[in-house]
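Dear colleague,

Please find below the structure that I am handing over to you. My findings follow directly after it.

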Amino acid sequence: MPPEPSLDSLRDALLRGAEALGVPLTDGQCTSLLGYISLMQKWNGVYNLTSLRRPAEMVTHHLLDSLAVLPPLRRHLAGKPARVLDVGSGGGLPGVVLAILEPKLEVTCVDTVGKKAIFVRQVGVELKLPNLFAVHARVEDLRLPPFDVITSRAFASLADFTHLTRHLAGDRSVWMAMKGKRPDDEIAALDSELSVFHVEQLAVPGLDAERCLVWIHKAPAG
């Protein structure tokens with residue numbers, strides 16, 4: 001087994017990857033992101049947060065994969081503050097990454113596994129993220145004011161994802177689903193009241209796999 005990379009090499013890989021994605025990081029953001037995966041490693045043995053064990057893989061498959069949605073999300077929000085719901089968040093992906101990079105976002109991570117919600121809360125405390133919240137619940141049972149953006153990372157089919165969260169979406173809310181290959185069958189199965197208004201291909205540095213973002217909103221009336 002190859003030796004574990006040094007913290008400096010992880011930092012360099014993260015900074016280079018983020019730069020390639022068009023998301024240049026400050027020193028503080030980079031430190032927080034690396035602190036997050038350090039916490040994930042520390043808690044992983046007991047809480048089983050991720051199947052990945054090597055920090056270099058976490059940088060690519062977790063941090064950079066989540067950072068890839070930032071440019072599209074920033075374009076959509078155009079600098080406005082927003083409430084974001086991360087459904088089936090697990091150990092906080094992409095929610096924690098979004099909270100670190102965008103202090104104006106109020107990010108709520110929801111998961112049915114209590115230990116994972118506890119972990120996300122601890123991340124918020126240790127990384128001093130007052131805009132990060134975690135809820136242990138089934139999302140269909142969640143009763144909160146509407147969110148501006150509802151996102152998920154490999155949570156469920158698009159039909160299930162939107163059906164389970166419809167009550168948490170306002171008239172102008174959007175769903176931002178992180179997917180691998182373009183899910184044409186899932187798009188075709190969506191409720192007729194919903195409309196896919198954009199499918200955006202993503203290229204994640206160091207990740208040899210297809211990635212895309214599927215943007216959905218309530219279909220315009222008439």
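The radius of gyration of the protein chain is 17 Å, which agrees with the value near 17 Å for a compact globule of 222 residues. Please bear in mind that this is a predicted model. Along the principal axes, the C-alpha atoms occupy a box of roughly 60 × 35 × 30 Å.

As to the overall make-up, the protein chain contains eight helices and seven strands. Of its 222 residues, 50% count as buried. Among contacts with a separation of 6 or more, 67% are between residues 24 or more positions apart.

Turning to the surface, the protein chain exposes about 10600 Å², and 53% of this area comes from carbon and sulfur atoms. The chain carries 24 positive and 25 negative charges, and the mean positions of the two groups are 4 Å apart.

I also looked at one element in detail, helix α6, which covers residues 114–126. At 1.5 Å a residue, its 13 residues should span 18 Å; the end C-alpha atoms are 19 Å apart, which agrees. Which residues of α6 are buried? They are G114, K116, A117, F119, V120, V123 and G124, so that a lysine is listed along with the others. These buried residues pack against two helices, α2 (27–47) and α5 (95–101), and against two strands, β2 (105–111) and β3 (132–136). After α6 comes K128, which has a positive phi, near 55°.

With kind regards

Technical notes:
Residues are numbered from 1 along each chain as its sequence is written. This is a predicted model: local features need pLDDT of at least 70, side-chain atom pairs count only at pLDDT 80 or more; totals for chains, interfaces and linings use all residues. Side-chain values use heavy atoms; hydrogens and water are left out. Helices (H or I, at least four residues) and strands (E, at least two) are DSSP runs, numbered from the N terminus. The radius of gyration is taken over C-alpha atoms; the globule rule is 2.2 Å times the number of residues to the power 0.38. Buried means under 20% relative accessible area, exposed over 50%, partly exposed in between (1.4 Å probe, protein chains only). Contact means heavy atoms within 4.5 Å. Accessible areas come from the Shrake-Rupley method with a 1.4 Å probe; for residues, only the protein chains shown count as cover. Lys and Arg count as positive and Asp and Glu as negative; His and the chain ends are not counted. The place of a charge is taken as NZ of Lys, CZ of Arg, CG of Asp or CD of Glu. The expected span of a helix is 1.5 Å times one less than its number of residues.
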